[in-house]
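Got the viewer open and a few minutes to spare? Let's take a walk around, one selection at a time.

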Amino acid sequence: MTKSKFNKKKLIPFLAILTLVFLGVFNLNSVYAIHMEGDGATFYPDDEHPIQYGVFIPTPNMYATMSIGGSNQGQFTIMDWRNSFPPIAQEMVSYPGENISLVYPWYFEGYLKDSTSFNDYLDPWDIEWLNVTAFNPHNVTLSPFTLNTVFNYHVMIEGTSPIFPLNHSIPLQIDLVIKNPGPKILKFDWLTTNPPVIWDYRLISPSEEYVLSYPETARYNTLLSTEEIFDYIVFVAKKAGTYRLLVDAEHTHPAYLNLEFLKSSISNLPFEKLKFIGNSDKDPSLIEQTEIEWQSNWLKISGKKGELYRIDIGEDYVGTPPTFGIWMPSEYGYLGAAGILPTSGVFYFPEDGNGYFSFIDADYGDWYRYSLYLKKLNVLDYNIGDNLTTLRVSRDQEKAIGFTIEQDSFVRFNFTSYSQPAGNPWIGFDLFFQNEFLFKDSKSMVGFESNYPIEEKQVGSETFYYYYFPAGTYTSVIQNENISYDGVFQISSKYVDFSNETIPISSLSYPDTDPSQFLTLEFDPDEYYNGIYDAQYAYINITQPGQYILNTTIYASDYLASLPLTANPAAVVVFNSSVFPSGSYHDWTEEALDPLKSFPAFSDDTVGEQSNDILFIAYPQKWHNMEFNFSQLGTRENPALDLNYYTYDGNDFTSEVSETLDTTTEFTSNGKIVLELMDTEYLTWIPGADFDLPTIEEDDYYWLAISLEPGWDYSQLPYIQILKLSNITLQGDLNFALVRESSYQYADYWQPDMEVGPTLLINQYQNATEATRFLETGQPYIIGFEEGVYKLLIIPHGWSGSEPLKVNFAVENFWPYRHQAFYNITDEPNLYLHQINNYTAAGYGQINDTIYSYGLTTTYNSTESELIELANENYFVIECVGSAYQWTQLVIACNNVSSYRAYLMQDLPWVTNDPNYEIREIEFASYPFINNTYEFGVHTDHFYILFEVDGFGSPDEMVTFRIDLNQYNTTMLTTSVPIASYTPPMDTGLILGLAIGIPVAAGIIVVIYVLKKKGRILSKTP
């Protein structure tokens, strides 16, 4: 194995080329290994500034570590962007003598930078910062330090079986030159003694995308033991070219890695024709069983974009089963679903091409044989808006449905699975992730996305699922959970109405606290289902950073007609606990509605046995007050006798609501009972009961249960003559879901955070107003730079009224409540972090000291920036202009502050389908440690520092901050990625040429490889 180190001298590239040519001619190696470095960074410490700072910006899809060069001793620290403790990695170079160049490179032990990502983009917060400190700067002559990103670089050509040495500190980059696309099994044979190698890997395609692969270990089973033979990964190469294999391995002994592509059997899987596969064609004999070898079998299926296939897998005989997998062609590579159950599977084509079904041994040593049957699933056209579509599913025969959404829309579905017949059908592709639709026209790199409900609502026995569908084509599969029976599946759906309006935004500033404009929406009850209203969605246009709260208001004046002052109960029922065996219910509704009649409040069969009886009162809406007149007052022998009130919570009557007034004195005098309006049990009270009477539809009413304190009874039972309900309330939920089209090219939409929608309660005299945090639901409640149009889905749920529901919506922006200042960062720090030992004792950072000159002093009234709606903190913001990728020092001294949280806010590029946490906390500080110094890295040249301040408060409401902001000169360090280039051969010659482009100062290094095969030299021209 040849190993070279490159530096920036011009002579080296030419000599390297010449050396490689001679090595290739005489040694005929199939691979070449090289120790690579990235773009080095040089640090020049001196007596005044022995600490130097740098930033490491990795190349996407790389593993890298770091090496140190120089002649001095020093400390090298890798930190995150906040300079958090402990650091990410640290090396102390303390080699005997003054010159460490003889032991260069000095590696960061155990440090690995993984910049691989599914979408080939770096998360900005993954960038890391360096701190280089010279030892004894006053005692030695300082010379520059150099830091480099390093890795071991190798090339492997398909068909060879090279061996690579492992270095515990440095990951491997192995360029796999693949000449033939299709299924691949790459064997990892670790040549080492115990303990075994702990390893991880990533595989990158020629077009720089993450390749989905599946790792496994081949184990040989005997009657007495199981022996691990080798590791391997399974993937499908979509095209020929150079694949980058990144390997990180940990080991405690010298070790080597032997790589080899294993042979696989590939055959076609015919349509609608039985095919057998396994490691035997008949029942094996005992002697034959000792000759079992590890196998890999692949079955090819050709399909068109959007087609669905079902594959049935039958077991003929199985000892130890293989691992099954489905591999689907997509835009960037192959999607793998490994480890599926050996019964059946649905095969979906995101694009035209060949798909594969794999049988690969993991544990082996037993015979197996399977029968396969493949058929195409015809997709039934479904129309959104159909009230009811009924599909019968016969046992294991799936049905597929498809539909097209012309424009981005919210859609409500109701899925009903009938228990008879007993197939219990469901919709989706995975029993554990039901209600899934595949979106075929997505901008996703894989060519499709899975779309699940964004909201679910339960109404009685019905569940409603709300989806957000970007415009495109959708499909899903309906199948029985129990394939031994038939099933009946029904679907109803409707588009959610679009209000075509934008909810206005009111920017509030002290002393204004209420929004000035509202959007009024009217919701109609569902045509078929009680308890749920038709949903709507509206726009919210966010144009700037802010602290946004959704204000929801219902005015009582809009519902005077539907909220009567007094009302008769709709039903009155008494539960008699003494009737054997489980009690009985007596309906006293007729008597309760006739003022000339009366009825017992509890059972009258045996006085002294009412402690387990219950009086139930029902009405279509909630009520607040109850008035009682008795024809016979109750008499309680024990003054401790007490009545309890229970609301129905969907399960039983165990949620006790308290009363604020009881002039009946537990039914011993005429009077009024008033329930606690804001009690949690009152607010969560829902229609329904845990009993079923033949003449009453319990779910149409709110039921209140009144019972005696257990163990106490009346000596004279109260008889109720008049029962009136008053202060009728109207209550229900508003459930919200928020979506926005993504600014990132590979996602259609994302869902910002949003608090649970409010429960609104109104009566004759009281409006209902609630606030809901959205966009950012955690402190500091700031949406940073995700300006754009959002869509708010609004679902009224649990409302008992039958009239339209009128709701007013506004967005409150509390951002103007902040106190703001500006800072232009231009200077080096007055003091460096290494010079600050005890800044309190030294006067550093003190308010009345002249040692430090602050660049910004500002005072503001904390009450004018205080947000009661947002946890009572006040906000101070500094708008900063500096340099991107610079190490920033923040010095803070403040008056009349008990604690604060400091945040960094900056506009960052998106790398996923939602923002990259553009607001991150720098530090939390509390008294007496509020005066402090922090250092952190910034990624943009325009950023904000946000202080969420908790002041001491009255009598001194004035808060003062003294701030100094400076930046260090920062050295940049990046990585360079060599990749072997490969072109399929045009003719036969003597030399296989692989050009490896290695960025160096002098140009490109070309490495020549020569293969020897079967006694003669074969040549291939790239």
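## Stop one: a nonpolar spot on the surface

Start by selecting F432, which sits in the loop between β33 (425–427) and β34 (437–439). Keep in mind as you look that this is a predicted model. With a relative accessible area of 72%, F432 is exposed. Now add L431, F433 and Y452 to your selection: with F432 they make up a nonpolar surface patch, and the four together have about 450 Å² of accessible area.

Stay in that loop and pick N435, which also lies between β33 and β34. Is N435 buried or exposed? Its relative accessibility is 13%, so N435 counts as buried. Check its backbone too: phi is near 65 degrees, a positive value in a residue that isn't glycine. That's worth a look because most residues other than glycine have a negative phi.

For another case, jump to R395, in the loop between β30 (389–393) and β31 (399–405). R395 isn't a glycine either, yet its phi is positive, at about 45 degrees. R395 has a relative accessible area of 49%, so it is partly exposed.

## Zoom out for a moment

Show the whole chain. How many helices and strands does the protein chain have? There are five helices and 79 strands. The chain has 1022 residues, and buried ones make up 53% of them. Its accessible surface comes to about 44,200 Å², with 48% of that belonging to carbon and sulfur atoms.

Contacts reach well along the sequence, too: of those between residues at least 6 apart in the protein chain, 79% join residues at least 24 apart.

## A meeting point: N221

For an example of such a contact, select N221 in strand β15. N221 has a relative accessibility of 15%, so it counts as buried. Then add D363: the two residues are 142 apart along the chain, but their C-alpha atoms are separated by 6.5 Å. Which residues touch N221, once its neighbours within four places in sequence are left aside? They are T226, T320, D363, Y364 and G365.

Keep D363 selected and bring in E216, R219 and E228. These four are linked in a network of salt bridges.

## Following the salt bridges

A search of the whole structure turns up 24 salt bridges. Let's visit three pairs.

Begin with E208 and R244, whose closest N and O atoms are 2.7 Å apart. E208 is in the loop between β14 (198–204) and β15 (214–221), while R244 is in strand β17 (residues 241–250), so this pair ties together parts that are 36 residues apart in sequence. Color the two by accessibility if you like: E208 is partly exposed at 23% relative accessibility, whereas R244 is buried at 4%.

Next, select R412 and D526, whose side chains meet in a salt bridge of 3.0 Å from N to O. This one links distant parts of the chain, 114 residues apart: R412 belongs to strand β32 (residues 409–417), and D526 to the loop between β42 (519–523) and β43 (536–542). Both R412 and D526 are buried.

The third pair is E666 and R636, with an N to O distance of 3.6 Å in their salt bridge. Here a loop meets a loop: E666 lies between β53 (659–662) and β54 (671–675), R636 between β50 (622–632) and β51 (643–647), and 30 residues separate the two. E666 counts as buried at 10% relative accessibility, but R636 counts as partly exposed at 24%.

## A negative patch

Back to the surface. Select D692, E697, D699 and D700, which form a negative patch there. E697 is in the loop between α4 (680–683) and β55 (702–708). At 47% relative accessibility, E697 counts as partly exposed.

## Last stop: two cis prolines

Finish with the backbone. Select F85 and P86: the peptide bond from one to the other is cis, with omega near -5 degrees. P86 is placed in the loop between β5 (74–79) and β6 (89–93). Then go to Q779 and P780, where the peptide bond is also cis, with omega near 10 degrees. You'll find P780 in the loop between β60 (768–775) and β61 (788–797). Why stop for these bonds? Because most peptide bonds are trans.

How values were computed
Residues numbered from 1 in each chain as written. Predicted model: local features only at pLDDT ≥ 70, side-chain atom pairs only at ≥ 80, totals over all residues. Heavy atoms only, no water. Patch = residues over 30% accessible without salt bridge, like charges linked within 9 Å, V, L, I, M, F, W, Y side chains within 5 Å. Areas by Shrake-Rupley, 256 points an atom, 1.4 Å probe, with all protein chains shown as cover. Lys, Arg positive; Asp, Glu negative; His and termini not counted. Charge placed at Lys NZ, Arg CZ, Asp CG, Glu CD. Helix = DSSP H or I, 4+ residues; strand = E, 2+ residues; numbered from the N terminus. Buried < 20%, exposed > 50% of the residue type's maximum accessible area, 1.4 Å probe, protein only. Contact = heavy atoms within 4.5 Å.
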